[in-house]
Amino acid sequence: MLDPSVLTRVLDAALRGGGDFAEVFVEDRRSTGARLDDGRVEQVGSGRDRGAGIRVVVGDTTGFAHTADLTDGGLERAARAAGAAARDGGGMVRTVALDDCSRGLAPPAEVLPETVAKADKVELLLRADEAGRAVGGAVSQMTVGYGDSRRRILVANSDGLLVGDDVVRTSLRVSAVAEGDTGMQTGYETVARTVGFELFDEVEVDEVARSASHRALSKLAARPAPTGVMPVVIKAGRGAVLFHEACGHGFEADAIEKRASVFTGKVGEQVASPSVTLVDDGTMSYEWGASAIDDEGAPSARNVLIDEGRLSDYMWDFLRARKAGRPSSGNGRRQSYQHLPMVRMTNTYLLAGEEDPEELVRQTSYGVYVAQINGGEVNTVTGDFVFGMSEAYLIENGEITVPLRAANLIGNGPEVLRNIDAVANDFAMASGGGLCGKNGQSVPVGMGQPTLRVRGMTIGGTAA
Amino acid sequence: MSVDLEELVARIAGQARPGEQVEAYAARGQESDVVVYGGEIESLSTATSEGVGVRVVVDSREGFAYAGSLDPDVVAETLADARDNAAFGTPDEYLGLAEPDGVAPAVLDLWRDEVAGFPPAEKLALAFELERLVLAGDARICSVKSAHYGDTAVQAAIATSTGIARSNRRTGCYLAVVALAAQGEETKSGVGYSVGRGPADLDVTEAAADAVERSTRLLGATKPASGRLPVVFDKRVTTSLLSILAGTMSGDAVLKGRSLFARRMGEKVGVAGLTLVDDPTNPAAYGASPNDSEGLACRRNVLIDDGVLQGFIYNTYAGRRAGRASTASAVRGGFKSTPGIGCRALSLEPGHLDQAGILAQVGDGLLVQSISGVHSGVNAVSGDFSVGAEGVMIRGGEPAEAVREVTIASTLQRMLSGVVAVGNDTEWLPGSAAGVTLAVAEMSLGGA
């Protein structure tokens, strides 16, 4: 994207007045989106973002500036601004030599989005609409969204690093509304992977749409969810967001450094039931949070956070790792060139156990079976969370009985980890497409989990 | 050399071919952000971003493209992309850009020159002062996760080949701090902030006190028993509730049968006396704006009048489809998106009691000071409402013990019909709605 000699000059300019570290992050992102709603392809849109973010570190202070102007002059202005922000003055001059170590490390997408006719992308929407409506007359609305993006990045820093990546992501999101005597209900299904258009060779679009419709229809017969604390069985892959949000964030080194996590200072301690092993893994090809390198140029890695209940390590970005005198774990990510990197998760999942998933339900006399969790919110300091159950059923006498209306599930992440009393052998990743928000930045993340049971969680229903 | 936005959008709109409508929306923002931690500067960021979004309507189809650059070659490519994209939409007779409707925009002063000239040293001084005040505010405060000062200055211009040409600009700045409080093994966090259009509006003492209060008040909080009881919402919480309600009043959601208010126009949806208005021409509103995102002058829209559903909000497309004029309620998230529909300055007609008076009236119940899980917990279609809540119990008309990790649930329909009091304490808070104390007769509380 940019010549190494240009990058060298920019890093030199950034450090001209002194500084411990400088970095240039260059990004060129193209995206396409199409949306069908109410039986119409409402719009096809495309976008282009291109620019560079430059940071300079002096002591504990980071200066940052970004620009969409990738000319030599534009880059140099941004470099000087970042440098000036990071220091009061000083005179040390450093010269940077870049090693062009590698580029294009990501498993290449087979079918790049720009090689696919827009008409073929739009065709997917129509197919999903038709398949979803065909499920039943009570399906009154379908919304289908298609999206693809190709993000090319280049990272160069004053340690001599020069590395690039080229990441393609493709997604299809379907939402159905069903109308019955009891009012309207919605159902969702998504498929999203870090691949090109070949996604649709593997994934049956009709099937995605049908499951959204089935979900909406089944909820028409739903009754109000119960209220209070009870056992909860979470279906494989369907509740992984809970562990990402309410546990994973507590393992991010920036929170640890500021003692803003309940897991601070607990390396080696038993923090979860022995059946729990929690991993963050940016190397899981094709999953939504995958990439070859993070946004600071460190290679993606598989990091074990909890090993059989014991806290084994946190996740690290460049700055936090440098302070701790250890290597980055490949978790330095940013939304775009307009943002500073920070510690972020990639694909976070709980490993499978040994029990039979059906047996988990059979052993539960009364509780809730959660088949889909949608968005939620968590206080990362305490781990207190709230999640919406968008598909859930009552468990009565060891059997899944009636569907429940949407309700919230609340609890505390660290407590849930200790209260997991059974883990099944049926691991699944979530369907993808999740965006994790932190300090105003969103990045794509993947997650997964086997069917498991939590001894007690609070259900926020309306049934007395 | 920076490009003149008004000239740029006029030039793009001027390239409309016969039978084609073209809209260009361009924006340029400057922002700065300083973060301090532990008496040291953690980061200083400065940024300028600019870009353009182009919509083309041709043969009753619409296409859109954006670019985060105003380079002439990129702008030309963006217009070409939008044209190309239009070929793939489904033809729809109601598509089309806004046309001038003769309503004059309110004169609003949303720009403060001081923002651009505010020296970095003073920004840092404010952030350090904020951190210091929070740490000194209560013995239980153990640390400050971060203290921020930030500001933005945004200019935007829109022009269409149908005769719209408007521009506006606004500034904003804020102080925000996350405090951590500890007592024994327990740690709680709380966010405090102060916002304004310029540095002079910021109140560092208030932001600090807010964070101290919010981080300490839940120490020792317990989980109450499940049950049904009256609920009073604190101001900040009401702001979120009104924003959710606004989503259900969008003409688009109504047309597509995705609102619990579809087919209920003119019906009683709330208690007598309940009046909900969206008025972006009110200069006191945080979201005040002279024009909407399609270039029409913003105006006062009454949504619920004395408990009766009075109106929905529309952008140009949804209005045409409903056989109505736009209510100038087009909103967009910047140049990267097309105009959606939303409120900017919602408020409930205030009542006569302050919060203490309302608590006395309620007697026993729950005062909710924060809610979470709003986006997953409220269904605009069915009206189902279930969110996480923290706050204090109300006993004998007075605030009593703190409670946490509870859920409150009901439906939006029942909540609106069950409003027993609206406070007289209206305050414009960041977001699209005003805060005010609000009491509802009964909700389900999920606790121990």
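Two strands pair if DSSP finds at least two bridges between them. I jotted that down before opening chain B, and I kept in mind that this is a predicted model.

**Entry 1: strand E15 and its neighbours**

I started with strand E14 (residues 365–372) of chain B, which pairs with E15(B) in the antiparallel sense over seven bridges. Looking for one of the matched positions, I found that B:Leu366 has B:Met393 in E15(B) as its bridge partner.

Then I turned to strand E16 (residues 398–411) of chain B, which pairs with E15(B), again in the antiparallel sense, over 10 bridges. There, B:Gly388 stands opposite B:Thr407 in E16(B). How many residues lie between E15(B) and E16(B) in their hairpin? I found two, and B:Gly396 in the turn has a positive phi of about 60°.

Is strand E15 (residues 384–395) of chain B enclosed or open? 10 of its 12 residues are buried, so E15(B) is largely enclosed by the rest of the structure.

**Entry 2: an open sheet in chain B**

Next I looked up a sheet of four strands in chain B; it is open, runs in the order E10-E9-E8-E13, and has antiparallel pairing. Its edge strands are E10 (308–309) and E13 (346–348) of chain B, each of which pairs on one side only. I followed strand E8 (residues 276–278) of chain B across to E13(B) and found three bridges joining the two. On that seam, B:Asp278 stands opposite B:Leu346 in E13(B).

**Entry 3: two helices**

I picked helix H4 (residues 120–137) and helix H5 (residues 204–216), both of chain B; their axes come within 9 Å and cross at roughly 40°. Because of that angle, H4(B) counts as oblique to H5(B). The crossing is right-handed. Among the residues making the contact are B:Leu126, B:Leu130 and B:Leu133 of H4(B), along with B:Val204, B:Ala208 and B:Val212 of H5(B). Sorted by class, this contact has 10 nonpolar, two polar and one charged residues.

**Entry 4: where chain B meets chain A**

Last, I checked the two chains against each other: 56 residues of chain B are in contact with 64 residues of chain A. Which strand of chain B gives the most to the side that touches chain A? I noted strand E2 (residues 40–58), with 10 residues. That side of chain B divides into 14 nonpolar, 29 polar and 13 charged residues.

E2(B) also pairs across the chains: strand E3 (residues 61–67) of chain A runs with E2(B) in the parallel sense over five bridges. For one position there, I have A:Ala65 opposite B:Thr46 in E2(B).

Definitions and conventions. Residues are numbered from 1 along each chain as its sequence is written. Chains are lettered from A and ligands numbered from 1 in the order in which they are written. This is a predicted model: local features need pLDDT of at least 70, side-chain atom pairs count only at pLDDT 80 or more; totals for chains, interfaces and linings use all residues. Two residues are in contact if their C-beta atoms, placed from the backbone, lie within 7 Å. Ala, Val, Leu, Ile, Met, Phe, Trp, Tyr, Cys and Pro count as nonpolar, Asp, Glu, Lys and Arg as charged, and the others, Gly among them, as polar. Axes are lines fitted to C-alpha atoms, for helices over the stretch in contact, and angles run from 0 to 180 degrees between N-to-C directions. Angles under 35 degrees count as roughly parallel, over 145 as roughly antiparallel, 65 to 115 as roughly perpendicular and the rest as oblique. A crossing is left-handed if the near helix is turned anticlockwise from the far one by less than a right angle, and right-handed if clockwise. A residue is buried if 20 or more other C-beta atoms lie within 10 Å of its own, exposed if 12 or fewer, and partly exposed in between; C-beta atoms are placed from the backbone.
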